[in-house]
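Please work through the following exercises with the sequence and the model at hand. Each task is followed by a solution in steps.

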Amino acid sequence: MRNFLINTVLALAMGISGLPLITGSTAAQEFEFSIGRDGPQLRTRERCDPYEDDDCYEDRYVEQRVVRRGCTEGQALDKAERIGVRRARIVSAGRRTIEVRGRSRAGERVYLTFGRERGCPVY
């Protein structure tokens with residue numbers, strides 16, 4: 001028990017002492033990359049001089065979305081849920097189709113095939 005307490009205190013001390021290093025390095029970053037159900041997003045911080053530019057703000061971000069023209073797995077799952085499929089999951093995702101399985105509201109098995117085109121057409 002004593003060794004556990006000593007190790008915990010040492011781990012906390014090392015973690016707290018490293019916090020200023022982490023926050024200093026993250027504040028200097030200019031890019032923020034996030035992946036969600038809508039796909040990857042990239043946010044960049046603009047560099048500008050407030051003395052030269054009238055519309056320059058310190059915390060102004062410009063969002064740049066990665067444009068995907070087809071149907072993603074997340075979009076296919078969302079559409080399956082809107083159709084009424086419960087517990088929808090992806091069985092396989094190929095280059096041209098996405099196959100989703102789940103249960104209907106009556107409890108029957110449902111098997112849907114979505115195209116990779118815009119709007120996720122159901123085949």
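**Exercise 1. Decide whether Phe4 is buried or exposed, and state which surface feature includes this residue.**

Solution. The model is a predicted one. Step 1: the relative accessibility of Phe4 is 55%, and the limit for the exposed class is over 50%, so Phe4 counts as exposed. Step 2: Phe4 is located in helix H1, which covers residues 2-27. Step 3: together with Met1 and Leu5, Phe4 makes up a nonpolar patch on the surface, and the accessible area of the three adds up to about 400 Å².

**Exercise 2. Describe the order of helices and strands in the chain, and state what share of its residues is buried.**

Solution. Step 1: the chain contains 2 helices and 6 strands. Step 2: along the sequence these elements follow the pattern α-β-β-β-α-β-β-β. Step 3: of the 123 residues in the chain, 19% are buried. Step 4: the accessible surface of the chain is about 10,100 Å², and carbon and sulfur atoms account for 52% of that surface. Step 5: when contacts between residues at least 6 apart in sequence are considered, 26% of them join residues at least 24 apart.

**Exercise 3. Identify the disulfide, assign its handedness, and explain which parts of the chain the pair ties together.**

Solution. Step 1: a disulfide is a covalent bond between the sulfur atoms of two cysteines. Step 2: the count in this model is 1 disulfide. Step 3: the cysteines concerned are Cys71 and Cys120, with an S to S distance of 1.8 Å, which falls within the 2.5 Å cut-off. Step 4: the torsion about the S-S bond of Cys71 and Cys120 is about 95°, and the disulfide is therefore right-handed. Step 5: Cys71 belongs to the loop between strand S3 (61-65) and helix H2 (73-83), while Cys120 belongs to the segment after strand S6 (109-115), so the pair ties together parts that are 49 residues apart in sequence. Step 6: Cys71 counts as buried because its relative accessibility is 3%. Cys120 is likewise buried, with a relative accessible area of 4%.

**Exercise 4. Determine which residues form the largest nonpolar core, and which element gives the largest share of this core.**

Solution. Step 1: in soluble globular proteins, nonpolar side chains tend to be buried together. Step 2: the largest nonpolar core here has 11 residues, and both Cys71 and Cys120 are among them. The other members are Ala76, Leu77, Ala80, Val85, Ala88, Ile98, Val100, Leu112 and Phe114. Step 3: H2, strand S5 (97-103) and S6 are the elements that give two or more residues to this core. Step 4: H2 provides the largest share, 3 residues. Step 5: the surroundings of one member, Val100, can then be listed. Leaving out residues up to four places away in sequence, Val100 touches several residues, including Ala76, Leu77, Ala80, Ala88, Leu112 and Phe114.

**Exercise 5. Locate the salt bridge, and classify the accessibility of Glu73 and Arg116.**

Solution. Step 1: the count is 1 salt bridge. Step 2: this salt bridge is made by the side chains of Glu73 and Arg116, at 3.0 Å from N to O. Step 3: Glu73 is in helix H2 and Arg116 is in the segment after S6, so that the pair links distant parts of the chain, 43 residues apart. Step 4: Glu73 has a relative accessible area of 29% and is thus partly exposed. For Arg116 the relative accessibility is 24%, and Arg116 also counts as partly exposed. Step 5: Arg116 is also in contact with Thr72, as is Ile98. Thr72 is placed in the loop between S3 and H2, and Thr72 is buried, at 9% relative accessible area.

**Exercise 6. State which residues Gln75 and Ile83 contact, leaving aside neighbours within four places in sequence.**

Solution. Step 1: Gln75 lies in helix H2 and, at 33% relative accessibility, counts as partly exposed. Step 2: the contacts of Gln75 are Gly70 and Cys120. Step 3: Ile83 is also found in helix H2, and its relative accessibility of 48% makes Ile83 partly exposed. Step 4: the residues touched by Ile83 are Leu112, Phe114 and Val122.

Technical notes: Residues are numbered from 1 along each chain as its sequence is written. This is a predicted model: local features need pLDDT of at least 70, side-chain atom pairs count only at pLDDT 80 or more; totals for chains, interfaces and linings use all residues. Side-chain values use heavy atoms; hydrogens and water are left out. Patches are made of residues with over 30% relative accessible area and no salt bridge: like charges are joined within 9 Å, nonpolar side chains (Val, Leu, Ile, Met, Phe, Trp, Tyr) within 5 Å. Accessible areas come from the Shrake-Rupley method with a 1.4 Å probe; for residues, only the protein chains shown count as cover. A salt bridge is a side-chain nitrogen of Lys or Arg within 4 Å of a carboxyl oxygen of Asp or Glu. Helices (H or I, at least four residues) and strands (E, at least two) are DSSP runs, numbered from the N terminus. Buried means under 20% relative accessible area, exposed over 50%, partly exposed in between (1.4 Å probe, protein chains only). A nonpolar core is a set of buried Ala, Val, Leu, Ile, Met, Phe, Trp, Tyr and Cys residues joined through side-chain atoms within 4.5 Å. Contact means heavy atoms within 4.5 Å.
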